There are 2 protein chains.
Amino acid sequence: MSLQQQPVKEQRRTRQRAAVDEVLEETEDFISAQDLHAVLRTRGMSVGLATVYRTLQTLADNGQVDVLHTSSGEAAYRRCARDEHHHHLVCRSCKATVEVAGPAVERWTKSVAKEHGYVDVAHTLEIFGLCPRCAAQQ
Amino acid sequence: MSLQQQPVKEQRRTRQRAAVDEVLEETEDFISAQDLHAVLRTRGMSVGLATVYRTLQTLADNGQVDVLHTSSGEAAYRRCARDEHHHHLVCRSCKATVEVAGPAVERWTKSVAKEHGYVDVAHTLEIFGLCPRCAAQQ
DNA sequence: CCTTGTTTTGACAATGGTTGTCAATCTTTA
DNA sequence: TAAAGATTGACAACCATTGTCAAAACAAGG
Ligand SMILES: [Zn+2]
Ligand SMILES: [Zn+2]
Ligand SMILES: [Zn+2]
Ligand SMILES: [Zn+2]
């Protein structure tokens, strides 16, 4: 993810955005807007649900977080370590995530698109499975 | 798509399923349940919306159609020519679709998963862009 | 053809994630 | 401190999808 990120739109520093940032910072795995909102509530750092949605949306637009669409159709967000384009190996059960780079895949998608005359291309690629921990306890 | 398709569950032949099949058969591009339902309506072949959803769901479960989750979060279905696992190069604008096979990508995802001890893996990969036709007229 | 047991249908309600609304509130800048 | 503008949040609205369940359709025998 994090392809062609737009120039970061200037924004104001607010308590709410800092709160969302803070949770993202310390959350290792992908988390949905609803879940992030719940985390904030339990911590007493109350932020409106709509605000959580808007903040995550903006962060995603700016390429500051990666977005993953789960099979159930809900979006999950994550602040990744690496800034360059990469993909994710995600545990279907506990969401444990490994960031992976695949230069060969990038080249392949480009060549396939070119071969068929498609331009302005982007791609989505996610790998799902059971992490070692989850596989062991089942 | 079309990975590990389950044994096809036996079903009854009904007017409604035939109607959905017919539309899928003659539709070259990915189409959503709502759109397919609309097509049926305009043709006078009235089928309940819930039935369209159920029918497509079953076809997808049986691996008889491929499913694509658009960025707006809605599912689109397509009866593809090839039966083996493959991916799609889809026009962002008109939905024109090219089926592509990428053995190298398949191998890569498997090795990445193995390397990190993930098991029972699957992956999603779609390429989006502007097809030659749409690119030309813009 | 009937009959019977089972599957399927469809109108409608309900769900659930997400977005729109808009007055009140907060930031920033002057 | 004040004015201009961005942000917030409670709530309603949206919209794709699923659940409900009685009525209709199907398949297999008789
Ligand atoms: Zn990432
Ligand atoms: Zn796990
Ligand atoms: Zn396909
Ligand atoms: Zn096109």
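Biologist: What covers the buried residues of helix 1 of chain B?
Modeller: This is a predicted model: local features need pLDDT of at least 70, side-chain atom pairs count only at pLDDT 80 or more, and totals for chains, interfaces and linings use all residues; side-chain values use heavy atoms, leaving out hydrogens and water. Helices (H or I, at least four residues) and strands (E, at least two) are DSSP runs, numbered from the N terminus. Contact means heavy atoms within 4.5 Å. The cover in chain B includes strand 1 (31-32), helix 2 (33-42), helix 3 (49-61) and strand 3 (75-78).

Biologist: What arc do the buried residues span around the axis of helix 1 of chain B?
Modeller: Residues are numbered from 1 along each chain as its sequence is written; chains are lettered from A and ligands numbered from 1 in the order in which they are written. Buried means under 20% relative accessible area, exposed over 50% and partly exposed in between (1.4 Å probe, protein chains only). In helix 1 of chain B, the buried residues are Ala19(B), Val20(B), Val23(B) and Leu24(B). They sit on the same side of helix 1 of chain B because their arc, taken from the directions from the helix axis to the C-beta atoms, is only 130°.

Biologist: Which residues are exposed on the other side of helix 1 of chain B?
Modeller: Helix 1 of chain B covers residues 15-26 and reaches 17 Å from first C-alpha to last, close to the expected 16 Å. The expected span is 1.5 Å times one less than the number of residues. On the other side of helix 1 of chain B, the exposed residues are Arg15(B) and Glu25(B).

Biologist: Which residues coordinate the zinc ion (ligand 1)?
Modeller: Donors are N, O and S atoms within 2.8 Å of the metal (3.2 Å for Na, K and Ca); water is not among the atoms, so sites may look incomplete. The spacing along the chain is D-x13-C-x5-H-x1-H. At 2.0 to 2.1 Å, the zinc ion (ligand 1) is held by Asp66(A), Cys80(A), His86(A) and His88(A).

Biologist: What arrangement do the donor atoms around the zinc ion (ligand 1) make?
Modeller: Four donors are tetrahedral if all angles lie between 85 and 135 degrees. Around the zinc ion (ligand 1) the angles are 92 to 121°, so the arrangement is tetrahedral.

Biologist: How many residues apart in sequence are the parts tied by Cys91(A) and Cys134(A)?
Modeller: The zinc ion (ligand 2) has Cys91(A), Cys94(A), Cys131(A) and Cys134(A) as protein donors, through SG atoms at 2.2 to 2.4 Å. Cys91(A) lies in strand 4 of chain A and Cys134(A) in helix 5 of chain A, so the pair joins parts whose separation in sequence is 43 residues.

Biologist: What is the relative accessible area of Cys91(B)?
Modeller: Cys91(B), Cys94(B), Cys131(B) and Cys134(B) are the protein donors of the zinc ion (ligand 4). That site is tetrahedral, with angles of 104 to 114°. Cys131(B) is buried at 4% relative accessibility. Cys91(B) is also buried, at 1%.

Biologist: Which residue of chain B has the C-alpha nearest the axis?
Modeller: Copies are superposed by least squares on the C-alpha atoms of residues with pLDDT of at least 70 in both. A rotation of 179° with 0.0 Å of shift along its axis brings chain B onto chain A, with RMSD 0.2 Å. The two copies are therefore related as by a two-fold rotation axis. In chain B, the nearest C-alpha lies 2.2 Å from the axis and belongs to Leu125(B).

Note on methods. Four donors count as tetrahedral if all angles lie between 85 and 135 degrees; four count as square planar and six as octahedral if opposite donors are over 155 degrees apart and all others between 65 and 115; anything else is irregular.
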